[in-house]
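New notebook page. I want the overall build first, then what sits inside.

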Amino acid sequence: MAETDPGSYVMGNSSEEADRLGIQASLYDRHTEYLLRTAGLKEGMRVLDVGCGTGEVSLCAARIVGPSGRVVGVDMEPGVLERARDNAAASSSGNVTFEQGDLSDLRISGLFDAVVGRLILIHLDDPAAVVKELTRLVRPGGVITFQDFNISRTRAVPHVPLVTETVEWIAAALREGGRNPDMGEQLAHVLRLSGLPEPRVAVAVPTGGPDSAAVTLIAESARSLLPVMERGGITTAREADLDTLRARMSRACAEVQATVYVPELVAAWAELR
């Protein structure tokens, strides 16, 4: 399997990044739950959430499988797992547990009815190899489904130049870090390369107004990626002016009464034969 060391996560591992993940979850969790149900998750399943981060996808899956099902979330970062456990405790979810593990050497006992992951394959050097290895943990007839972004689809309508410029910085920084900013549209291909049967695909797109979490997510994503941006000569801290970016973007969107479309969330899934 591909290496999954912390350096492969170009967004960094700061407490601010963990906060950004919470903002992201507030926008995407109900869409993720819809896409998980569409992919075939249902009550009573045993589900493995790989690269679970702060646990939001695990909790989405836990709501679907109900008290008769179980969810195991795995991540390599102890700090985010602590936040995941706190999130689970706050939601009184008794059917989800979290374990520390590296996808390059994942040791989990038993077979699962489904393996899921959101925004994890984008951060792997060889995602098809990872998916292929994960199939050994799924029973015949089980589901493998991943979700990822098409970041270039992020936009404001009517057009807001500052939104467009910031999204271009984010996409360029991901490319600088060796990642595909439109990994979502590649998911079906990745599943095919891993040897799975013909996958199916669905897409969900959250939106927001000028003073919404959608604007906050774009600004905070730029903040998380600033070190990569500066290293790659994409922009500077002075040019980006991150401390005022969110407010400037919000004002610009309000001036034209824009709707902000954050990245498309693409799900691809296949059943293991």
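I started by counting elements: the chain has nine helices and 10 strands (DSSP runs numbered from the N terminus, with at least four residues of H or I for a helix and at least two of E for a strand). Next I looked up the radius of gyration, which is 18 Å, close to the 19 Å from the globule rule for 273 residues, so the chain is as compact as a globular protein of that length. That radius is taken over C-alpha atoms, and the rule is 2.2 Å times the number of residues to the power 0.38.

Note to self on the source: this is a predicted model, where local features need pLDDT of at least 70 and side-chain atom pairs count only at 80 or more, while totals for chains, interfaces and linings use all residues. Residues are numbered from 1 along each chain as its sequence is written, and side-chain values use heavy atoms, without hydrogens and water.

How much of the chain is buried? I found 56% of the 273 residues, with buried meaning under 20% relative accessible area (1.4 Å probe, protein chains only).

Then I went for the inside. The largest nonpolar core (buried Ala, Val, Leu, Ile, Met, Phe, Trp, Tyr and Cys joined through side-chain atoms within 4.5 Å) has 61 residues, and Leu36, Leu41, Val47, Val163, Ile170 and Leu225 touch the most other members. Helix H7 (residues 213–231) gives this core its largest share, 10 residues. Another core lies apart from it, with 30 residues, including Ile108 and Val115. In general, nonpolar side chains tend to be buried together in soluble globular proteins.

Definitions and conventions. Buried means under 20% relative accessible area, exposed over 50%, partly exposed in between (1.4 Å probe, protein chains only).
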